[in-house]
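Subject: Structure handover

Hello,

Here is the structure I promised to pass on. Please open it first, then read my notes below.

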Amino acid sequence: MDKQNPSEPASRETGTTDFVRSLIDADNAAGTYDGKVHTRFPPEPNGYLHIGHAKSIVLNFGIAEEYGGKCNLRFDDTNPEKEEVEYIESIKEDVRWLGFDWEERLFFASDYFEQLYEFAERLIQKGLAYVDDQSADQIRETRGTPTEAGRNSPFRDRTIEENLDLFRRMRSGEFADGSRVVRARIDMAAPNINLRDPIMYRIRRQHHPNTGDAWCIYPTYDWAHGQSDWIEGITHSICTLEFENHRPLYDWFLDALDAAAPNRPRQIEFARLNLGYTIMSKRRLLELVREGHVSGWDDPRMPTICGMRRRGYSPEAVRNFCRSIGVSKTNSQIDIAMLEFHLREDLNRRAPRVMAVLDPLKVVIENYPEGKVEQVEADNNPEDPDAGTRLLPFSRVIYIEREDFREDPPKKFFRLAPGREVRLKHACYITCNEVVKHPVTGDVVELRCSYDPESAGGTTPDGRKVKGTLHWVSADHAVDAEVRLYDRLFSVANPADQAQREGREYTSYLNPESLSVLKQCKVEPSLREAPVGTTFQFLRHGYFCPDSRDSSLDAPVFNRTVSLRDSWAKLEQSGAAG
RNA sequence: UGGGACGUCGGCAAGCGGUCAAGCCACCGGGUUUUGAUCCCGGCAUUCGGAGGUUCGAAUCCUCCCGUCCCAGCCA
């Protein structure tokens, strides 16, 4: 057996393990599946994938990888009413983008409709399933409640022959939509409501994205899922907590079909991901899109994979985040600071540094010759010596960040102020000599400065120190750009819960400042041809990427992925800056 | 009032009867720095939802209680 040495669990790298891996380790130690580990990621193609799915994808594909097993991509397409090919394609793209490969194992529950149908006949033959002629309403009424048992259907004791005949005629389209269902014959008094003769098939004349009009009966999730796992040879069927109540049914179907180890899948449930200040339900996400609260599924504020991609997140960062949050059965909500941490960690390592002035203030360097242009050398990434350097044009008129100048600076402010000297990153030292104000509004419109001709590349021969280093951009060479700053989508940590508690619409908690657009930004010339798909560090600001939809050569548009940590802002806000 | 699950630091999360209750994020110091970024160093639960009990010894076992989540779709 070349699979996995039970004495060396796959989780040894981290030194700690989650309960799913522990369970797998135990199965391996006991030889339950002959050491085989085979998982699957089973999305329903009724929406776009979000960060919560990423957690599941990283878990399922990750486990397969660690244990030398496989992970299938299987679409749970049993309900043609909500499912569309658009979603199938986007899901494939997103899983790939996250960095996972299902190889040749792309499956659909609908691939097994015929097999499932045969299985169902088998259950009928064994007296374990029956055709029920009751209406949906009747079925609901007789199901009982959590505290009261349900009542048996009058059709529950039909003969096997009659059931078989009816089932075949259901398939062949003899009956109207909704007129009959097939149910598992379990126990209408079971305390677990899922066991009160759950529905296996419903009649629905609906075009199916995969099977077209071949079927007018469709299996339910409960009937299709476990059997699909079994057919594919899945060993560990990992799903979220809300399916815990379904596990007895999952097992009941497998028992009914005489599934046995080592080929009998096992369902394991973990807590789904909840992130603060956003929403994770596909239904609500769809609403945000349809009602126009966001620009689409890939709006950079959305927690969708495509939204994060457009926002400039890297797949590595998303994966690291998913791995770092752990897997447990505790309902919890992760702090977005955790996501941002992994984003910065990854982007810091890889993002090319670049200068961009978001709120420009004109600076004239009076003792710098008019018309002269120097090319200064700038490193592309101090974290990565292999990233090389580039040349930046420097000239008499530049822009600096408006907030980098204070006419009346607080104590711990060590940027530019009247009479102060600061360093222009990669270029020279300048001193502010004069503040030019608008005659009417009194706003600062321009700074008159002088530079030290001895200073070069950011240092001076005498080695004197300055406290502040500013980013800048040469006025004549700068490229105009639009920059979009994003903030949390909702202004409360728990929009869904809070809405319910306070009897409001969750949309009433949408953060009105989740997007702010800056139109007059000045960015360094190298950004004119910034390729979509790379995220840059705008020095001293944060990470930004060209918007994949709206950015063009003529009118570049950048999305802020995440800001840099800003201890000065924190200091100033706390009032400790003097 | 039925069934299933979960409660360990501000947020995650290890721990599975035996010296001090991992680690990460956040936070708070301090150092380095041509990004107030990064990096480095240090601090951060005498206590494990509560109360009893078993034991030489319990976050870990037992009992009761409290709190939270899931289940009455022909959704998944």
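Which residues form one aromatic cluster? They are Phe113, Tyr117, Phe167, Tyr201, Trp215 and Tyr218. Before you go further, note that this is a predicted model.

**Aromatic residues**

The structure holds 21 aromatic pairs. Two of them are described here.

Take Phe75 and Phe108. Their rings are stacked. The centres are 5.2 Å apart, with 20 degrees between the planes. Phe75 belongs to strand E2 (residues 70-75), and Phe108 to strand E3 (residues 106-108), so the pair ties together parts that lie 33 residues apart in sequence. Phe75 and Phe108 are both buried.

Now take Tyr87 and Trp297. This pair is edge-to-face, because the planes stand at 80 degrees, with the ring centres 6.4 Å apart. The cut-off for edge-to-face is over 60 degrees. Tyr87 sits in helix H3 (residues 85-97). Trp297 sits in the loop between helix H9 (282-290) and helix H10 (305-311). The pair links distant parts of the chain, 210 residues apart. Again, both Tyr87 and Trp297 are buried.

**Charges over rings**

Tyr117, one of the cluster residues, has a charge over its ring. The charged end of Arg171 sits there, 4.6 Å from the ring centre. Arg180 lies over the face of Phe175, and here the distance to the ring centre is 3.9 Å.

**Around the RNA**

There are 69 residues around RNA strand B. Which of them come nearest? Arg204, Arg353, Arg415, Gly457 and Ser567 do. On the RNA side, sugar and phosphate make up 64% of the strand B atoms that come within 4 Å of the protein.

The surface near RNA strand B is mixed: 22 residues are nonpolar, 26 polar and 21 charged.

Some contacts come from the protein backbone. A backbone N or O atom of Ala136 lies 2.8 Å from a base nitrogen of RNA strand B. For Gly178, a backbone N or O atom is 3.2 Å from a base nitrogen of the strand. Asp335 has a backbone N or O atom 3.4 Å from a sugar or linking oxygen of RNA strand B.

Which elements give two or more residues to this surface? They are helix H5 (136-141), strand E6 (199-203), helix H12 (336-350) and helix H14 (567-573). H12 gives the most, with four residues.

Best wishes

Key
Residues numbered from 1 in each chain as written. Chains lettered and ligands numbered in written order. Predicted model: local features only at pLDDT ≥ 70, side-chain atom pairs only at ≥ 80, totals over all residues. Heavy atoms only, no water. Near = heavy atom within 4 Å. Polar contact = N/O pair within 3.5 Å; in protein donor to acceptor, adjacent residues only side chain to side chain. Nonpolar A, V, L, I, M, F, W, Y, C, P; charged D, E, K, R; others polar. Phe/Tyr/Trp six-rings, centres within 6.5 Å; stacked < 30°, edge-to-face > 60°. Buried < 20%, exposed > 50% of the residue type's maximum accessible area, 1.4 Å probe, protein only. Lys NZ or Arg CZ within 6 Å of the ring centre and 35° of its normal.
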